[in-house]
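This report describes selected helices, cysteines and strand pairings. The sequence and structure are shown first.

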Amino acid sequence: MPIEERRALQGKRLQKIVSYVYHNVPFYRNKMQQMDIQPSDIRSVDDIKYLPFTTKQDLRDNYPFGLQAAPQSEIIRVHASSGTTGNPTIVGYTRKDIEIWSECMARCLTSYGVTRDDIFSVAYGYGLFTGGLGVHYGVENLGATVIPASTGNTEKHIRLIRDLGITGIACTPSYALHLAEVMEKMGIDIKDLKLRFGAFGAEPWTEKMRAEIQDKLGIKAYNLYGLSEIMGPCVSYECICQRGSHINEDHYYPELIDPNTLKSVREGETGELVFTTLTKEGMPLLRYRTRDLTTLHSGLCDCGRTSIKMGKIMGRSDDMLIIRGINVFPSQVESVLLSIPECAPHYRLIVDRIDNLDTLTVQVELRPECFGQFDTIEPINDLEKKVSSKLKSVLSIIAKTQVKAPGTIERSQGKSCFVEDRRNSLTD
Ligand code: DLL
């Protein structure tokens, strides 16, 4: 679509969505009234700057359904993602939302030549996470064959890739590398496979990783970006040019801001990505601050698409970690640790990547008053198991716990010092 035509469409859709949330979501009506804005003040996309921002905290404060605009009878699916502590973020979708999401995902697959003749395996987690079902519906929308492999059971999955002649795969980039390694161990030669393309995302990855995946799996590896609050996978996708990800901006309108001043940054500069959902019915969001840092680039792409592109995610403007595709806030780990009476509020998180899989080690100090009861190895082992199992049940993350003597973990002033992310050395 020509850029001017799309801008007009975005303007029309923005007017409609602003009026829709004003009349259906008290949170937005109150915010807009406080700012003295009426839906009729919004005449084009340029007026988006008058609208309020929405943050993850707003979603938490309105848990579970406070920001839902459609009546419950219209909601046909719910997904959820991690909150900063305790409550997850709940996102409800209407039938039309699911249709639009599936179409956006199908656009992505089509952009690198997936057709009805392809067999696509989805190895993102199925469940509350949007990755599995999000990509699944996109493959079905396109009419290709979907294999709902989900995560885990790597050897069985590899045999399916070989025996069924699977041509495409969607998973996290680190899992793609893990697959390649297991394949090698199983003695499977990529020449015997029909794999041609992969849709990789849900976590940051580098050009180095892309080169390795393409080489080891013999495929083209494409970036796939998204977040549950806005829709799920396929808010943006890479085309055959592999230079930036096209945003489905007729549905998700992007802005880039300075996270400190909240003013927009110039094209090409790094800023925090902000999205307004232009067509969503279940839980539409105005100017949602993703906390993802990136760049935006407009202009015609060599593939012929006119949609604006985003660069790779270069970091976050908050302290969220992504461990095996799962979003983890250090504050969530802290609240789990503090719910265990023997644990002191002194901890350190060490994140690493071993054999292409993320690992998390949680070091936590014993409370001094409990120290006397821990004079043999057995109670320490038991406590470590207890902490790991609580982290798994509350946060769904697999962590190794190391219990330390009181006073042995270095004290820090800044929050980020609680986290040592050794994967940072993996960046380009
Ligand atoms: O990760 C949705 C998704 C599933 C995207 C499958 C792609 C593929 P959340 O669990 O809500 O949703 O996490 C969203 O993950 O704000 C980014 O920080 C990060 N993220 C997602 N895709 C990418 C990517 C899904 N391609 C958060 N590159 C986002 C870098 C990504 N980071």
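The cover over the buried residues of helix 1 includes helix 2 (26-34), strand 10 (252-257) and strand 11 (271-277), where contact means heavy atoms within 4.5 Å. Helices (H or I, at least four residues) and strands (E, at least two) are DSSP runs, numbered from the N terminus. The model is predicted, so local features need pLDDT of at least 70 and side-chain atom pairs count only at pLDDT 80 or more, whereas totals for chains, interfaces and linings use all residues. Residues are numbered from 1 along each chain as its sequence is written, and side-chain values use heavy atoms, with hydrogens and water left out.

**Helices 1 and 7**

The residues of helix 1 that are buried (under 20% relative accessible area, with exposed over 50% and partly exposed in between; 1.4 Å probe, protein chains only) are Arg 6, Gln 10, Gly 11, Leu 14, Ile 17, Val 18, Val 21 and Tyr 22. Seen down the axis of helix 1, these buried residues fall within an arc of 145°, so they line one face of the helix; the arc is that of the directions from the helix axis to the C-beta atoms. On the other side of helix 1, the exposed residues are Lys 12, Lys 16 and His 23.

For both helices, the distance between the end C-alpha atoms can be set against the expected span, which is 1.5 Å times one less than the number of residues.

| Helix | Residues | Expected span | C-alpha end-to-end distance |
|---|---|---|---|
| Helix 1 (3-24) | 22 residues | 32 Å | 31 Å |
| Helix 7 (173-185) | 13 residues | 18 Å | 19 Å |

The two values agree for helix 1, and they agree for helix 7. Helix 7 is mostly covered, with ten of its 13 residues buried; among them are Tyr 175, Leu 177, His 178, Leu 179, Val 182 and Met 183. The buried residues of helix 7 pack against helix 6 (154-163), strand 5 (168-171), strand 6 (197-201), helix 8 (207-217), strand 18 (343-354) and strand 19. After helix 7 comes Gly 187, which has a positive phi near 75°.

**Strand pairing**

Strands of a sheet pair through backbone hydrogen bonds, either parallel or antiparallel. Here two strands pair if DSSP finds at least two bridges between them. Strand 19 also belongs to an open sheet of four strands, in the order 20-19-18-21 and with mixed pairing. Strand 20 (399-404) and strand 21 (419-421) stand at the edges, each with a single partner strand, so one side of each lacks a neighbour in the sheet. Strand 19 (residues 357-366) and strand 20 run parallel and are joined by six bridges; Gln 363 stands opposite Gln 402 in strand 20.

Strand 12 (residues 288-294) is mostly covered, since six of its seven residues are buried. Strand 12 pairs with strand 11 in the antiparallel sense over four bridges, and Gly 271 stands opposite Thr 294 in strand 12. Strand 12 is also joined to strand 15 (residues 315-316) by two bridges, and these strands run antiparallel. Asp 292 has Arg 316 of strand 15 as its bridge partner.

**Cysteines**

How many disulfides does a search of the whole structure find? The search finds zero, a disulfide being a pair of cysteine sulfur atoms within 2.5 Å. For Cys 104, the nearest cysteine sulfur is that of Cys 234, 5.9 Å away. Cys 104 counts as buried because its relative accessibility is 0%. The sulfur of Cys 303 lies 3.5 Å from the closest cysteine sulfur, in Cys 301, which is too far for a bond. Cys 303 is partly exposed, with a relative accessible area of 26%.
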